[in-house]
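Visitor: Please put the model on the screen, and then let us go through it together.

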Amino acid sequence: MLDRAVSMLDSYPDTTIIFGDSAFTDFEYLIRKTDPKKLVVFTGRNSADTCGAWEKLLNALTYTNAAVKRFSEIEPEPTVHTVAKMIDFLAQEQPDEVIGIGGGSAIDAAKLAYLAHQAGSSMHDYFGVNQFSAKYPDKKLKKVICFPTTSGTGTEATPYSNIVDPDLKVKKLVVETQIIPASSFVCPVLTSSMPRSVTLATGCDALAHLLEGFLNVGQDPRCPQANDWALEGIRLIVGNLPRALADGGDSAARSAMAAAACLGGMVIRNKSTGLPHLCSFSWYGRISHGEAVAMLLPACWEYYLGNPAVAERTMLLAGIFPGTTPNDVVKSCQTFIHALGLPDDLSAYPELSAELMELTASSASENKMKLELAPRPVEQSRSREILSSILKDAFGA
């Protein structure tokens with residue numbers, strides 16, 4: 001069942017993706033080939049040990065010449081203060097290679113820290129789109145080697161790093177082609193220790209990536225294969241996320257979810273996310289990111305259907321989310337999301353409020369680029385009104 005998905009992973013031009021149980025054997029081969037003298041490994045506080053990744057990594061390095069230094073203080077929502085400590089750690093250790101083990105949090109932080117370390121300037125210079133590449137178009141950086149331990153963000157294949165600035169109370173984004181990992185080792189068994197809540201949140205995040213990319217008809221020319229990647233990933237999630245939630249030890253379901261999440265990363269590397277990601281960007285600490293984007297998706301999708309091309313694209317999903325009209329397909333997707341255990345609307349989350357929806361509509365309406373890149377572009381002059389309507393629908397107001 002996974003053969004087609006693995007073939008797609010193999011075809012990805014930006015990252016060498018090694019998928020399956022042989023990941024650590026192949027990692028050992030890479031280290032023997034490149035022969036680094038020192039490795040720095042960035043991890044979360046507990047997950048790399050709980051899932052067995054840290055032990056497997058050390059075993060793979062037993063007969064190599066590499067010394068290993070570990071930084072394990074990365075929190076679930078990494079902040080600029082943590083990344084600053086990581087940059088200092090890199091300056092102290094001066095590694096030949098950097099490895100990130102974890103979910104999106106650990107790997108995103110590692111990507112930004114390694115970028116800033118090699119650039120030799122403040123991390124704050126690189127928030128935004130291709131800030132490093134624009135300043136140094138001929139300079140090539142070394143990339144973080146990734147071992148994802150969740151099935152959600154797809155960060156092992158993307159140019160993105162999301163980091164919280166607690167002083168400004170915002171989550172800031174780096175988009176930089178020079179941080180797309182060159183090698184990622186996707187070992188599904190590492191995801192088996194995820195608790196149900198994390199399996200749900202990360203699975204919803206992956207589903208949103210795949211659907212938002214697939215629906216983004218205006219960006220089809222960027223990568224002709226991306227829609228096939230998205231369709232395959234969506235099929236895998238619909239068939240396997242309920243199984244992984246019911247039985248965390250279901251190895252076939254975990255493998256399918258790991259492949260789907262990576263496909264999602266490949267998709268959003270080429271086709272940008274839309275309004276669910278834009279509107280939920282400032283909700284960190286209130287609701288998990290994955291649940292937020294999944295809960296927003298149906299209301300945003302209903303708005304997108306005003307674009308005839310999106311309505312036509314939507315019917316290609318009728319075999320996955322049954323329906324005879326585009327609205328039926330959206331409702332089927334919403335039914336699937338609720339069947340996973342998510343509530344009927346956003347008002348069920350105590351940290352969210354009608355007032356926050358209005359604040360979100362106001363702040364999100366300022367993001368001209370995201371508004372223009374949505375599957376149904378949003379006129380900035382009407383953006384607050386449109387976003388407010390979408391958010392009220394999602395909130396159940």
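Visitor: What volume does the second largest pocket have?
Guide: Its volume is about 170 Å³, where a pocket is an open set of points on a 1 Å grid over the protein atoms alone, fitted with a 1.4 Å probe and with protein on both sides within 12 Å along at least five of seven lines. Grid points are joined across faces, edges and corners, and the volume is the space filled by probe spheres set on them. Please keep in mind that this is a predicted model, in which local features need pLDDT of at least 70 and side-chain atom pairs count only at pLDDT 80 or more, while totals for chains, interfaces and linings use all residues. Residues are numbered from 1 along each chain as its sequence is written, and side-chain values use heavy atoms, with hydrogens and water left out.

Visitor: Which residues of the lining are closest to the centre of that pocket?
Guide: Of the 15 lining residues (those with an atom within 4 Å of a grid point), P298, A299, Q334, D393 and A394 are the closest to the centre. Helices α12 (289-304), α14 (326-339) and α17 (383-395) each supply at least two residues of the lining; helices (H or I, at least four residues) and strands (E, at least two) are DSSP runs numbered from the N terminus.

Visitor: And the core, how many residues are in the largest nonpolar one?
Guide: The largest nonpolar core has 84 residues, and those with the most contacts inside it are L275, W283, W301, L317 and L346. Such a core is a set of buried Ala, Val, Leu, Ile, Met, Phe, Trp, Tyr and Cys residues joined through side-chain atoms within 4.5 Å, with buried meaning under 20% relative accessible area, exposed over 50% and partly exposed in between (1.4 Å probe, protein chains only). Helix α10 (residues 251-270) gives the largest share of this core, 11 residues. There is also a second, separate core of 31 residues, which includes A106, L141, I163 and V174.

Visitor: Back to L275, what is it in contact with?
Guide: If we set aside neighbours within four places in sequence, L275 is in contact (heavy atoms within 4.5 Å) with E212, C300, Y303, Y304, L371, A374, V378, L387 and I390.

Visitor: Different topic: how far from D205 is the nearest side chain of opposite charge?
Guide: That side chain is K171, 8.5 Å away, and D205 is buried yet has no salt bridge. Here Lys and Arg count as positive and Asp and Glu as negative, while His and the chain ends are not counted, and a salt bridge needs a side-chain nitrogen of Lys or Arg within 4 Å of a carboxyl oxygen of Asp or Glu. D205 sits in helix α8 (residues 196-215), and its contacts beyond four places in sequence are G152, T153, H277, H289, G290 and V293.

Visitor: How many salt bridges does the structure hold, then?
Guide: It holds 15, and one of them joins the side chains of R269 and D14 at 2.8 Å, N to O. R269 lies in helix α10 and D14 in the loop between α1 (3-11) and β1 (16-19), so this pair ties together parts that are 255 residues apart in sequence. R313 and D220 form another, their closest N and O atoms being 2.5 Å apart; R313 is in helix α13 (residues 308-314) and D220 in the loop between α8 and α9 (226-246), so parts 93 residues apart in sequence are tied together.

Visitor: Is R313 buried or partly exposed?
Guide: R313 is buried, at a relative accessible area of 13%, whereas D220 counts as partly exposed at 21%. Elsewhere, R4, E232 and R235 are linked in a network of salt bridges.

Visitor: One last thing, where is C187 found, and what does it touch?
Guide: C187 is in the loop between β9 (183-186) and α8, and it is buried, with a relative accessible area of 3%. Not counting residues up to four places away in sequence, C187 touches G20, D21, A23 and F24. The C-alpha atoms of C187 and D21 are separated by 5.7 Å, although the two are 166 residues apart along the chain.
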